[in-house]
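User: I am new to this structure. Please walk me through it with short questions and answers.

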Amino acid sequence: MIDKYLVAYAPYIAGILSALVAYLSLRESRRKTKHDEGMDLLDRVNKDNDRLREENEELEKKNLQLIRELEELRNAK
């Protein structure tokens with residue numbers, strides 16, 4: 001009796017299950033895409049931060065050198 005109903009409704013059950021799997025797969029794919037985009041953005045921000053730190057260090061060195069030169073000029077007077 002149950003086998004009869006199971007066989008009769010098997011295509012519908014399979015369709016519902018496949019739709020559910022497709023929906024869950026799509027949702028996971030979107031979540032992963034957002035995560036990947038977030039990680040890409042984080043990588044770009046980190047790269048920019050590293051570049052800015054290096055530029056800042058170079059500017060600090062130049063500033064220190066100019067301060068020393070200014071002090072030497074003041075002492076030379």
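User: Is R27 buried or exposed?
Analyst: This is a predicted model, and the values here are computed from it. R27 has a relative accessibility of 51%. The cut-off for exposed is over 50%. Therefore R27 counts as exposed.

User: Where is R27 placed, and how many Å is it from M39 in space?
Analyst: R27 sits in helix α1. Along the sequence, R27 and M39 are 12 residues apart. From C-alpha to C-alpha, the distance between R27 and M39 is 18 Å.

User: How many helices and strands are there in the protein chain?
Analyst: The protein chain has no strands, as the count for them is 0. Helix α1 covers residues 2-76. The count for the protein chain is 1 helix and 0 strands.

User: Why is the protein chain called more spread out than a compact globule?
Analyst: For 77 residues, the globule rule gives 11 Å. The radius of gyration of the protein chain is well over that, so the chain is more spread out than a compact globule. The radius of gyration comes to 33 Å.

User: What box do the C-alpha atoms of the protein chain fill?
Analyst: The box is taken along the principal axes. Its dimensions are rough values. The C-alpha atoms fill roughly 110 × 10 × 10 Å.

User: How many Å does helix α1 reach from its first C-alpha to its last?
Analyst: Helix α1 has 75 residues. At 1.5 Å a residue, the expected reach is 111 Å. The reach in the model is close to that, at 106 Å.

User: At which residue in α1 does a kink lie?
Analyst: The kink in α1 is about 55 degrees. It lies shortly before the proline P11. The residue at the kink is Y9.

User: Which residues form the aromatic pair?
Analyst: A search of the whole structure finds 1 aromatic pair. Its ring centres are 6.3 Å apart, and pairing needs centres within 6.5 Å. The two residues lie in helix α1, 3 residues apart, about one turn of the helix. They are Y9 and Y12.

User: Why is the pair of Y9 and Y12 called tilted?
Analyst: Planes under 30 degrees apart count as stacked, and planes over 60 as edge-to-face. The planes of Y9 and Y12 fall in neither group, so the pair is tilted. The angle between the planes is 50 degrees.

User: What are the relative accessible areas of Y9 and Y12?
Analyst: Y9 is partly exposed. Y12 is exposed. The relative accessible area is 45% for Y9 and 57% for Y12.

User: How many salt bridges does a search of the whole structure find?
Analyst: One of them joins the side chains of E28 and R31. Another pairs R51 with E55. The search finds 4 salt bridges.

User: What is the N to O distance between E28 and R31?
Analyst: E28 and R31 are 3 residues apart in helix α1, so about one helical turn separates them. E28 is partly exposed at 39%, and R31 is partly exposed at 48%. Their side chains meet in a salt bridge with an N to O distance of 2.5 Å.

User: With which residue does D50 form a salt bridge?
Analyst: D50 is partly exposed, at 41% relative accessibility. Its partner lies 3 residues apart from it in helix α1, about one turn of the helix. The closest N and O atoms are 3.2 Å apart. The partner is R53.

User: How many residues apart are R51 and E55?
Analyst: The side chains of R51 and E55 meet in a salt bridge, 2.9 Å from N to O. R51 is partly exposed at 40%, and E55 is partly exposed at 38%. Both lie in helix α1, about one turn of the helix apart, a separation of 4 residues.

User: What separation in Å do the C-alpha atoms of G38 and K61 have?
Analyst: G38 is in helix α1 and counts as partly exposed at 36%. Along the chain, G38 and K61 are 23 residues apart. Their C-alpha atoms are separated by 35 Å.

User: What share of the 77 residues counts as buried?
Analyst: Buried means under 20% relative accessible area. The accessible surface of the protein chain comes to about 7,700 Å², with 59% of it belonging to carbon and sulfur atoms. The share of residues that count as buried is 0%.

How values were computed
Residues are numbered from 1 along each chain as its sequence is written. This is a predicted model: local features need pLDDT of at least 70, side-chain atom pairs count only at pLDDT 80 or more; totals for chains, interfaces and linings use all residues. Side-chain values use heavy atoms; hydrogens and water are left out. The expected span of a helix is 1.5 Å times one less than its number of residues. The bend at a residue is the angle between axes fitted to the seven residues ending there and the seven starting there. Rings of Phe, Tyr and Trp (its six-membered ring) pair if their centres lie within 6.5 Å; planes under 30 degrees apart count as stacked, over 60 as edge-to-face and the rest as tilted. Buried means under 20% relative accessible area, exposed over 50%, partly exposed in between (1.4 Å probe, protein chains only). The radius of gyration is taken over C-alpha atoms; the globule rule is 2.2 Å times the number of residues to the power 0.38. Accessible areas come from the Shrake-Rupley method with a 1.4 Å probe; for residues, only the protein chains shown count as cover.
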